[in-house]
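Me: Could you take a close look at one part of this structure and describe, with some care, how its helices pack against their neighbours?

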Amino acid sequence: MSKISVVICDDQPLIVSSLKLILETDDRIEVVGTANNGAAGVEMVQTLNPTLALMDIQMPQMDGIEATTKIIGHTDTKVIVLTTFNRDDYLFDAMDAGASGFLLKNSEPEMLINAVHQVAAGNGLLSPEVTLKLIKGRAHKAIDAAEQSSNPESGRLKELTERELQVLGELAKGKNNQEIATSLSLSEATVKTHLSNLLAKLHLRDRVQGVLFAHRAGLIQ
């Protein structure tokens with residue numbers, strides 16, 4: 001099995017060293033490079049073409065949001081955003097830029113390693129804190145915006161079956177596949193099938209976009 005290659009972008013040397021140490025306790029993960037600003041990170045990703053990049057938000061020369069946009073737009077590398085949670089707007093901008101994962105910097109090492117594996121496998125990942133605190137705030141903004149416009153997202157929900165709507169609703173609450181399966185009395189394999197189908201119907205890249213779409217559509221308020 002090939003290793004998951006990772007580039008770490010963060011302007012704090014201690015954070016970089018800690019992340020590298022944590023990731024390399026897993027023999028399936030290899031840190032192939034580090035960068036101390038967004039511009040250097042983009043250049044390194046374009047050169048090394050890693051599986052994914054761990055991206056800080058606030059960095060000199062080019063912040064993590066702009067760097068994420070460039071990486072997602074011009075490479076196949078996925079991005080996990082690391083945040084100290086002090087700027088909600090930064091996190092949502094990064095989500096819109098195409099990041100596939102969001103973690104707090106004080107997350108447990110096991111959660112970081114799991115996030116790398118999940119995103120490398122093509123899944124999105126939101127830490128529980130991000131889901132419960134940040135998405136809740138975004139939902140109110142989405143509802144207000146929907147009242148001022150025709151809320152096109154809500155109309156697109158008609159494309160889903162009743163079961164797909166239920167799965168999307170549980171996903172928007174921050175549940176993983178196993179929790180969704182338990183809640184809806186389904187097998188995990190069936191949940192994965194429904195998720196795959198609803199993301200395809202809504203033209204969404206991954207479950208992170210699915211969560212955001214559900215809140216914008218007013219499915220969860």
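Reply: What follows concerns helix 8 and its surroundings in a model that is predicted.

Two packed helices are described by the angle between their axes and the distance between the axes. Helix 8, which spans residues 162-172, packs with helix 10, residues 188-201, at an angle of about 95°, and their axes are 9 Å apart. Because angles from 65 to 115 degrees count as roughly perpendicular, helix 8 is described as roughly perpendicular to helix 10. On the side of helix 8 the contact is made by R163, E164, V167, L168 and L171, while helix 10 contributes H194, L195, N197, L198 and K201. By character, the residues of this contact are five nonpolar, two polar and three charged.

Within that contact, H194 deserves a separate word. H194 belongs to helix 10, and with a relative accessibility of 17% it counts as buried, since the cut-off for buried is under 20%. Leaving aside residues up to four places away in sequence, H194 touches R163, E164 and V167, and also L186.

Helix 8 has a second partner in helix 11, residues 207-216, where the axes come within 9 Å and cross at roughly 100°. Helix 8 and helix 11 are therefore also roughly perpendicular to each other. Here L168, L171 and A172 of helix 8 meet R207, G210, V211, F213, A214 and H215 of helix 11, and the residues of this contact divide into six nonpolar, two polar and one charged. L168 and L171 thus appear in the contact with helix 10 as well as in the one with helix 11.

The nonpolar core gives a further view of these residues. The largest nonpolar core has 42 residues, of which F102, L168 and L198 touch the most other members; helix 11 supplies the largest share of this core, with five residues. Another core, of 19 residues, lies apart from it and includes I4, L103, A115 and L125. L168 and L198, named for that largest core, are also among the residues through which helix 8 and helix 10 make their contact.

Ahead of helix 10 there is a backbone feature to record. Most residues other than glycine have a negative phi. S185, in the loop between helix 9 (177-184) and helix 10, has a positive phi near 55°, and S185 is exposed, with a relative accessible area of 67%.

Technical notes:
Residues numbered from 1 in each chain as written. Predicted model: local features only at pLDDT ≥ 70, side-chain atom pairs only at ≥ 80, totals over all residues. Heavy atoms only, no water. Axes fitted to C-alpha atoms, helices over the stretch in contact; angles between N-to-C directions. Helix = DSSP H or I, 4+ residues; strand = E, 2+ residues; numbered from the N terminus. Parallel < 35°, antiparallel > 145°, perpendicular 65-115°, else oblique. Contact = heavy atoms within 4.5 Å. Nonpolar A, V, L, I, M, F, W, Y, C, P; charged D, E, K, R; others polar. Core = buried A, V, L, I, M, F, W, Y, C linked by side-chain atoms within 4.5 Å. Buried < 20%, exposed > 50% of the residue type's maximum accessible area, 1.4 Å probe, protein only.
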